[in-house]
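The exercises below are meant to be worked through with the sequence and the structure side by side. Try each task before reading its solution.

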Amino acid sequence: MPHKVAVIIPTYNSYEVTINLIEALRNQTFKYFDIIIVDDGSDDWKYIKEYMQKKKSERYIRILRLKRNMGPGSAFKAGIEFVWMPVGFAYPARLVSNNF
């Protein structure tokens, strides 16, 4: 089995772009990846959550939500830290869904 890759998607008020990116990733021939969506305090995050609830069988997609907008660098860092999270690590992001 090839090495698994984590695709981290920081997003802020860009529901349609995020959904298009998820669909493009789902259509790739390389399938050994996890998708980590980091919502940076968006107003439209609930639409991404609703979309993902329709995709319940896709357990390789996770959504983190920051409490407030902290900028793309902080959102990306939250995604990286989530991927490399040691036991007991705390970050000011809430895991919206581990497995839809």
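The secondary structure of the protein chain comprises three helices and four strands, and the model shown here is a predicted one.

**Exercise 1. Find the order in which the elements of the protein chain run from the N terminus on, and say how far the model can be trusted.**

Solution. Reading from the N terminus, one meets the elements in the order β-α-β-α-β-α-β. For confidence, the chain averages a pLDDT of 80, and 79% of the residues score at least 70. Over residues 87-94, however, the pLDDT is below 50, although this stretch has 13 contacts in the model beyond near neighbours in sequence. Where pLDDT is low, the predicted coordinates should not be read in detail.

**Exercise 2. Compare the span of helix α3 with the expected one, and determine where its buried residues lie around the axis.**

Solution. Begin with the length: helix α3 covers residues 72-83, and at 1.5 Å a residue its twelve residues should span 16 Å, which agrees with the 17 Å between its end C-alpha atoms. Next, list the residues of α3 that are buried, namely A75, A78, G79 and F82. Viewed down the axis of α3, these buried residues fall within an arc of 100°, so they line one face of the helix. The spacing fits a general rule: an α-helix has 3.6 residues a turn, so residues three or four places apart point the same way.

**Exercise 3. Work out which side of α1 is buried, which residues are exposed on the face turned away, and what the buried residues pack against.**

Solution. The twelve residues of α1 reach 17 Å from the first C-alpha to the last, close to the 16 Å expected at 1.5 Å a residue. The buried residues in α1 are T18, I19, I22 and L25. They cover an arc of only 125° around the axis, which puts them on the same side of α1. The face turned away from this buried side carries E16, V17 and N20, which are exposed. Finally, the buried residues of α1 pack against β1 (5-11), β2, α2 and β3.

**Exercise 4. Decide how far β2 is covered and how β2 pairs with β1.**

Solution. Seven of the seven residues of β2 are buried. In a regular strand the side chains alternate between the two faces of the sheet. Taking the faces of β2 in turn, F33, I35, I37 and D39 are buried on one side, and D34, I36 and V38 are buried on the other. As for the pairing, β1 and β2 run in the parallel sense over seven bridges, and A6 has D34 in β2 as its bridge partner.

**Exercise 5. Classify the aromatic pair of Y15 and Y47 and that of F33 and Y60, and place each ring in the chain.**

Solution. The count of aromatic pairs comes to three. The rings of Y15 and Y47 lie 5.6 Å apart centre to centre with 50° between the planes, and the pair is tilted. Y15 belongs to helix α1 (residues 15-26) and Y47 to helix α2 (residues 45-53), so that the pair links distant parts of the chain, 32 residues apart. With 28% relative accessibility Y15 counts as partly exposed, and Y47, at 39%, also counts as partly exposed. For F33 and Y60, the centres are 5.7 Å apart and the planes stand at 85°, so this pair is edge-to-face. Because F33 lies in strand β2 (residues 33-39) and Y60 in the loop between α2 and β3 (61-66), the pair ties together parts that are 27 residues apart in sequence. F33, at 6% relative accessibility, counts as buried, whereas Y60, at 24%, counts as partly exposed.

Definitions and conventions:
Residues numbered from 1 in each chain as written. Heavy atoms only, no water. pLDDT = per-residue confidence, 0-100. Contact = heavy atoms within 4.5 Å. Helix = DSSP H or I, 4+ residues; strand = E, 2+ residues; numbered from the N terminus. Expected span 1.5 Å × (residues − 1). Buried < 20%, exposed > 50% of the residue type's maximum accessible area, 1.4 Å probe, protein only. Arc of directions from axis to C-beta. Phe/Tyr/Trp six-rings, centres within 6.5 Å; stacked < 30°, edge-to-face > 60°. Pairing = 2+ DSSP bridges.
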